[in-house]
Amino acid sequence: MAKGMTTVFFCKECGYEASKWMGQCPGCKSWNTLTEEVIRVEKKGMGGTVRAGEHRADQLKPTSLNAVSMQEDEKLLTRIGELDRVLGGGIVPGSLTLVGGDPGIGKSTLLLQVCRNLSDQGHRVLYVSGEESLKQIKIRAMRIGEFTDALLLLCETNLNRIEECIRNARPEIVVIDSIQTMFNEEVGSAPGSVSQVRESTNVLMQLAKGLSISVFIVGHVTKEGTVAGPRVLEHMVDTVLYFEGDRHASYRLLRGVKNRFGSTNEIGVFEMRREGLTEVTNPSEYMLNGRPQGASGSVVTCSMEGTRPILLEIQALVCPSNFGIPKRQATGTDLNRVNLLMAVLEKRLGLQLGNCDAYVNLAGGMKLSEPAIDLGIAMAVVSSFQNREIANQMIVFGEIGLSGEVRAVSMAEQRILEAKKLGFTTCVLPASNMENLKHRKFEGMRLIPVESVRDAIDLIRKE
């Protein structure tokens with residue numbers, strides 16, 4: 001091993017550093033997550049010399065909370081409404097945003113569209129690519145539209161040179177595509193390693209905060225769907241955005257997992273077209289497009305994604321099993337939750353579902369885990385089992401407990417108004433939500449409160 005180099009072990013989940021390999025990480029208690037890497041050791045001088053970025057203790061002075069200025073910088077609008085919604089109203093100057101997603105999902109395309117809109121507004125933008133050449137970026141840009149001279153391109157993977165270029169050009173927005181291709185000369189490991197990703201992100205964070213530059217980082221994801229590299233990477237940045245959806249389908253979902261400047265779990269819906277990503281302003285109508293009329297096992301429910309209510313169709317197919325062990329499958333929701341709800345239906349309603357195959361699908365490709373869709377799943381399963389259809393203009397939402405009770409959900413008023421806007425006339429909701437809605441009049445909407453899952457299932461027979 002070269003002089004000045006040493007071997008350490010980093011945890012891929014939390015970034016914990018150890019001098020030897022261990023089966024379990026002492027930091028996050030995860031198994032088999034420590035990876036071996038070679039790093040360069042820097043010796044500090046004995047004369048008390050202060051290096052760049054370090055400060056003596058006698059030079060540090062705390063600041064009073066009342067002395068901190070509350071003058072807020074104006075957010076930069078990307079002119080992409082769905083993205084601005086997820087970001088919390090626009091781009092905050094000096095923020096560090098991580099964008100993750102599967103290969104080919106549209107991360108680079110969306111950020112190139114953002115660069116185009118910001119450069120058209122006169123903002124100076126620097127797009128740094130470590131994966132494509134200038135000609136490749138030009139080919140992709142020609143598909144989107146015309147660009148101004150305010151957009152600067154740089155193909156480089158050496159972070160020291162990129163830092164020097166940023167300090168000289170002083171752009172307002174910087175896009176790094178991607179963080180796994182960048183390497184810092186002060187770190188001896190290969191690009192994409194835990195230490196390289198962590199140190200590179202730390203350098204970009206210092207640039208963003210020190211120069212008030214908004215930095216976007218593109219991150220690759222692992223087969224588990226998380227950003228490759230240490231988990232501490234998500235803690236360092238201000239905002240974490242994930243692109244979801246099948247890359248072979250036309251829709252894309254941009255979900256805000258973390259946001260220090262807005263609400264979390266906010267989503268934006270996009271459609272992939274030849275000219276790039278176009279925003280879907282009414283995702284509820286988009287998700288319900290092509291819904292079958294008069295079919296059993298189909299019910300419409302409403303889920304809250306951040307501050308936005310989204311209507312979507314739940315489909316269920318229940319049929320007798322030809323094997324000894326029935327098959328259960330869920331797409332878009334938790335399979336264990338579906339099994340739990342079917343157990344409640346068997347226990348509380350006496351339905352013989354134990355010898356039936358059951359398939360539950362959330363149409364549109366969305367992945368939801370909100371408990372408010374429980375009642376919709378239960379009614380869809382019973383509707384398919386009894387081969388009885390549910391009224392087309394009915395919407396259902398509510399959480400189901402193990403005793404069969406229907407519990408209240410949050411933001412019931414917003415869900416009802418969204419359903420009314422799309423022409424629904426009947427709403428089945430928890431009875432405990434009616435107390436907060438008794439002073440509101442929803443013209444054209446018939447509200448049916450239910451206290452238990454049995455009350456809701458009886459509506460299928462009546463309809």
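**Exercise 1.** Determine what share of the 463 residues in this protein is buried, and describe the overall make-up of the predicted model.

*Solution.* Begin with burial: of the 463 residues in the protein, 46% are buried, in a model that is predicted. Turn next to the accessible surface, which comes to about 23,100 Å², with 49% of that area belonging to carbon and sulfur atoms. The secondary structure then adds up to 12 helices and 21 strands. Finally, consider the contacts with a separation of 6 or more, 66% of which are accounted for by residues 24 or more positions apart.

**Exercise 2.** Work out which residues of helix α10 are buried and how they are placed around the axis.

*Solution.* Helix α10 spans residues 412–421, and its buried residues are A412, R415, I416, E418 and A419. Because these residues cover an arc of only 160° around the axis, they lie on the same side of α10. Continuing along the chain, one finds that G423, just after α10, takes a positive phi of about 95°.

**Exercise 3.** Establish where confidence is lowest and highest among the strands named here, β3 and β18, and where pLDDT stays under 50.

*Solution.* Start from the protein as a whole, which averages a pLDDT of 86, with 89% of the residues scoring at least 70. Confidence is lowest in strand β3 (residues 34–40), at a mean of 73, whereas it is highest in strand β18 (residues 399–400), at 97. Over residues 43–56, pLDDT stays under 50, and the model has six contacts beyond four places in sequence for this stretch. Where pLDDT is low, the predicted coordinates should not be read in detail.

Definitions and conventions. Residues are numbered from 1 along each chain as its sequence is written. This is a predicted model: local features need pLDDT of at least 70, side-chain atom pairs count only at pLDDT 80 or more; totals for chains, interfaces and linings use all residues. Side-chain values use heavy atoms; hydrogens and water are left out. Buried means under 20% relative accessible area, exposed over 50%, partly exposed in between (1.4 Å probe, protein chains only). Helices (H or I, at least four residues) and strands (E, at least two) are DSSP runs, numbered from the N terminus. The arc is that of the directions from the helix axis to the C-beta atoms. Contact means heavy atoms within 4.5 Å. Accessible areas come from the Shrake-Rupley method with a 1.4 Å probe; for residues, only the protein chains shown count as cover. pLDDT is the predictor's confidence in each residue, from 0 to 100.
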